[in-house]
Amino acid sequence: MMRFRLLETMGNANNRDLCFLTQFVEGIEGKSYATHLGERLGSIYPKDARLPMSPEHPGIKLSALIGNGRSMLIVSSAFKEAIQKHCTNEIEYLPVTIYDHRNRPYSDDYTIINPIGTFDCLDLEASDIGWSTKAPKKILRVREYVLDRAKMQRAPQLFRVEGDPAEYVIGRELARELYDRKLTNVHWTELRFSDEPRE
C-alpha cells in the first residue's frame, strides 16, 4: 500500500542539546537558494565544504538528521545509505564537514541531500494552498498537503514537492528503512490521499 510522509528538516528544534544549524556552506552562501529549489550545486560546491555550528544554538549532540533553518536535508552516512538503497531518481550527495563553535572540525560523517527537480504530487483542489494574487498559478504556502493517488503511482521514495520545493516527501519503503535503522531526530507527518477521509 502506498503511504508517504512529509519529512521535517528542523528535526526536534525544542531539544537544546541537539546540534541545530542556521548557516549555509561557507564560500557559496549566496547559492543557498539552490537547496530550496532542487537546483544542482555540484559545479560550484567546494571539495572541502564547511558548515559551522551556529552561535545562537549551543547544542553539539549529533543525530542522524541535523536540524536546520535552511530547509536542507543534512544526514549521517547511515541515513544516506538508506536513501541510496531505495532511490533511483537524480539526487546530489554533497559531503560536508561540520565545525564546532570554536571553528574546529567536529564531524565529517554528514552529507547534504539535494534531490534534483520536483515531483507533481498534490491534489490542488483538496490541499489547503495559499496562492499568489499576482501570479495565480504560483503557490505561496501550503497549509495542508493532500496527495493525488493517480499522480503518486510512480512517485520516487524521496522527492521535492512541485510548487513547494523546500519540502521533502519520503515513501513507505524508505521510511521503514529509517525506522529499522533506529535513526535519530527523524520526524515526519503522514500525508493523506484526496480519496481518503480527513481524520
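**Exercise 1. Decide whether Phe4 and Phe159 are buried or exposed in this predicted model.**

Step 1. In this predicted model, Phe4 has a relative accessibility of 4%, and a residue is called buried when its relative accessible area is under 20%. Phe4 therefore counts as buried.

Step 2. The relative accessibility of Phe159 is 2%, so Phe159 counts as buried as well.

**Exercise 2. Find the aromatic pairs that involve Phe159, and describe their geometry.**

Step 1. A pair of aromatic rings is described by the distance of the centres and the angle of the planes. Searching the whole structure gives three aromatic pairs.

Step 2. For Phe4 and Phe159 the ring centres are 6.4 Å apart and the planes stand at 65 degrees, so this pair is edge-to-face, given that angles over 60 degrees are classed in that way. Phe4 belongs to strand β1 (residues 4–7) and Phe159 to strand β11 (residues 158–161), so the pair ties together parts that are 155 residues apart in sequence.

Step 3. Phe119 also pairs with Phe159, at 5.0 Å centre to centre and with 55 degrees between the planes, and this pair is tilted. Here Phe119 comes from the loop between β7 and β8 (128–131), while Phe159 is in strand β11, 40 residues apart. Both Phe119 and Phe159 are buried.

Step 4. One aromatic cluster is formed by Phe4, Phe119, Phe159 and Phe193. Phe193 also has a charged neighbour, since Arg149 lies over the face of its ring, at 4.1 Å from the ring centre.

**Exercise 3. Work out the strand order of the sheet that contains β1, and say which strands are at its edges.**

Step 1. The sheet is open and is made of five strands in the order β10-β13-β1-β12-β11, with mixed pairing. Its edge strands are β10 (146–147) and β11, each of which pairs on one side only.

Step 2. Between β1 and strand β13 (residues 188–193) there are four bridges, and these two strands run antiparallel. Within this part of the sheet, Leu7 stands opposite Trp188 in β13.

Step 3. Helix α3 (residues 172–180) lies across β1, β11, β12 (164–171) and β13, and its direction makes an angle of about 75 degrees with β12.

**Exercise 4. Explain why strand β6 is described as largely enclosed, and identify the strands that it pairs with.**

Step 1. Strand β6 spans residues 91–99, and seven of its nine residues are buried, so β6 is largely enclosed by the rest of the structure.

Step 2. Strand β3 (residues 50–52) is joined to β6 by three bridges, and the two run parallel. Pro52 stands opposite Tyr99 in β6, and the ring of Tyr99 also has the charged end of Arg50 over it, 3.9 Å from the ring centre.

Step 3. Strand β7 (residues 105–115) is joined to β6 by eight bridges, and this pairing is antiparallel. Leu94 stands opposite Ile112 in β7. The hairpin of β6 and β7 has five residues between the strands, and in this hairpin Asn103 takes a positive phi near 65 degrees.

**Exercise 5. State which stretch of the chain UniProt annotates as a domain, and describe its secondary structure.**

Step 1. An unreviewed UniProt entry places the feature "domain: Immunity MXAN-0049 protein" at residues 44–190.

Step 2. Over residues 44–190 the chain is 13% helix and 39% strand, and the C-alpha atoms at the two ends are 35 Å apart.

Definitions and conventions
Residues numbered from 1 in each chain as written. Predicted model: local features only at pLDDT ≥ 70, side-chain atom pairs only at ≥ 80, totals over all residues. Heavy atoms only, no water. UniProt positions renumbered as here; feature names shortened; annotations may be inferred. Buried < 20%, exposed > 50% of the residue type's maximum accessible area, 1.4 Å probe, protein only. Pairing = 2+ DSSP bridges. Phe/Tyr/Trp six-rings, centres within 6.5 Å; stacked < 30°, edge-to-face > 60°. Lys NZ or Arg CZ within 6 Å of the ring centre and 35° of its normal. Contact = heavy atoms within 4.5 Å. Axes fitted to C-alpha atoms, helices over the stretch in contact; angles between N-to-C directions.
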